[in-house]
Amino acid sequence: MRRSWGPRGVTPVIAMNGARGKRENMVTFLAYRTGREPRMLAWHKSGEGYTKEDFPLLLTMLHARLGAKVTLIWDNYSSHTSAQVRAWIAEQSTWLRVVALPPYAPELNPVELLWKNVKDLLANRAFRSIHELADTAEAALGSVKHATHLAGTGLALPEVELSG
């Protein structure tokens, strides 16, 4: 809940239906290719969040879906920078290159702009269940998926050729 209102001095209380602690997690990649519109790929997971064990599989699926070499511009989320993920990435050098964003620089990450728009679409709503939230979030992602003007940061994102 971002905003609420009520009488001065009285904290608004929202009655919730359902169990606390249930989670829905999403991960999103933006794919850029010279001469094409940016493409968004998203995966959804219930329960625990994405961990260092999940990212090798996600990146393998991304590579298969794109059918091309991948240059990944990544933030410094702890699962992205774990020794396990770094070692796995080193073994994928024929198709995967990782460029790390500076710490605390969400304004450089195009995915953050998309997530801001998704969160705006979800703000100030009470959902009857975690499934309703997940369905609404999927629909919100779908609505921003084709808004290619949201996929840019103003940065030049040249296509990078990998040697080998």
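In which loop does Y104 lie? Y104 lies in the loop between strand 4 and helix 3 (110-122). The model is a predicted one, and this report goes from the overall fold to the helices, the cores and a few loop residues.

**Overall fold**

The chain contains four helices and four strands. Read from the N terminus, the order of elements is β-β-α-β-α-β-α-α. The chain has 164 residues, of which 32% count as buried. Among contacts with a separation of 6 or more, 63% are between residues 24 or more positions apart. The exposed area of the chain is about 11,000 Å², and 54% of it is supplied by carbon and sulfur atoms.

**Helices 1, 2 and 3**

The table gives the buried residues of three helices and the arc that these residues cover.

| Helix | Buried residues | Arc of buried residues |
|---|---|---|
| Helix 1 | F55, P56, L58, L59, L62 and L66 | 165° |
| Helix 2 | V85, W88 and I89 | 100° |
| Helix 3 | P110, V111, L114, W115, V118 and L122 | 135° |

Helix 1 has 12 residues and spans 16 Å from its first C-alpha to its last, close to the 16 Å expected at 1.5 Å a residue. Seen down the axis, the buried residues of helix 1 fall within an arc of 165°, so they line one face of the helix. The exposed residues L57 and A64 are on the other side of helix 1. The partners against which the buried residues of helix 1 pack are strand 1, strand 2, strand 3, helix 2 and strand 4 (96-100). After helix 1 comes G67, with a positive phi near 65°.

In helix 2, the buried residues are V85, W88 and I89. They cover an arc of only 100° around the axis, which puts them on the same side of helix 2. A83 and A90 are exposed, and they sit on the face of helix 2 turned away from its buried side. The cover over the buried residues of helix 2 includes helix 1, strand 3 and strand 4.

Helix 3 has 13 residues and reaches 19 Å from its first C-alpha to its last, close to the 18 Å expected at 1.5 Å a residue. Viewed down the axis of helix 3, its buried residues lie within an arc of 135°, so they line one face of the helix.

As a general point on such patterns, an α-helix has 3.6 residues a turn, so residues three or four places apart point the same way.

**Nonpolar cores**

The largest nonpolar core has 19 residues, and W43, L59, L62 and L96 touch the most other members. At least two residues of this core come from each of strand 1 (24-31), strand 2 (39-46), helix 1 (55-66), strand 3 and helix 2. Helix 1 gives the largest share of this core, five residues. A second, separate core has 13 residues, including W115, L122, F127 and A137.

Leaving aside neighbours within four places in sequence, W43 is in contact with N25, M26, V27, F29, Y50, L58, M61, L62 and R65.

**A buried serine in a loop**

Is S79 buried or exposed? S79 is buried, with a relative accessible area of 10%; the cut-off for buried is under 20%. S79 is placed in the loop between strand 3 (70-74) and helix 2 (83-90). The S79 side chain reaches the backbone nitrogen of K52 at 3.4 Å. Apart from neighbours within four places in sequence, the contacts of S79 are Y50, T51, K52, F55 and V85. V85 is also one of the buried residues of helix 2, and F55 is one of the buried residues of helix 1.

**Positive phi outside glycine**

Most residues other than glycine have a negative phi. Y104, although not a glycine, has a positive phi of about 55°. Y104 counts as exposed, at 80% relative accessibility.

N124 is also a residue other than glycine with a positive phi, near 60°. N124 comes just after helix 3, in the loop between helix 3 and helix 4 (130-145). At 33% relative accessibility, N124 counts as partly exposed.

Terms used. Residues numbered from 1 in each chain as written. Predicted model: local features only at pLDDT ≥ 70, side-chain atom pairs only at ≥ 80, totals over all residues. Heavy atoms only, no water. Buried < 20%, exposed > 50% of the residue type's maximum accessible area, 1.4 Å probe, protein only. Polar contact = N/O pair within 3.5 Å; in protein donor to acceptor, adjacent residues only side chain to side chain. Contact = heavy atoms within 4.5 Å. Core = buried A, V, L, I, M, F, W, Y, C linked by side-chain atoms within 4.5 Å. Areas by Shrake-Rupley, 256 points an atom, 1.4 Å probe, with all protein chains shown as cover. Expected span 1.5 Å × (residues − 1). Arc of directions from axis to C-beta.
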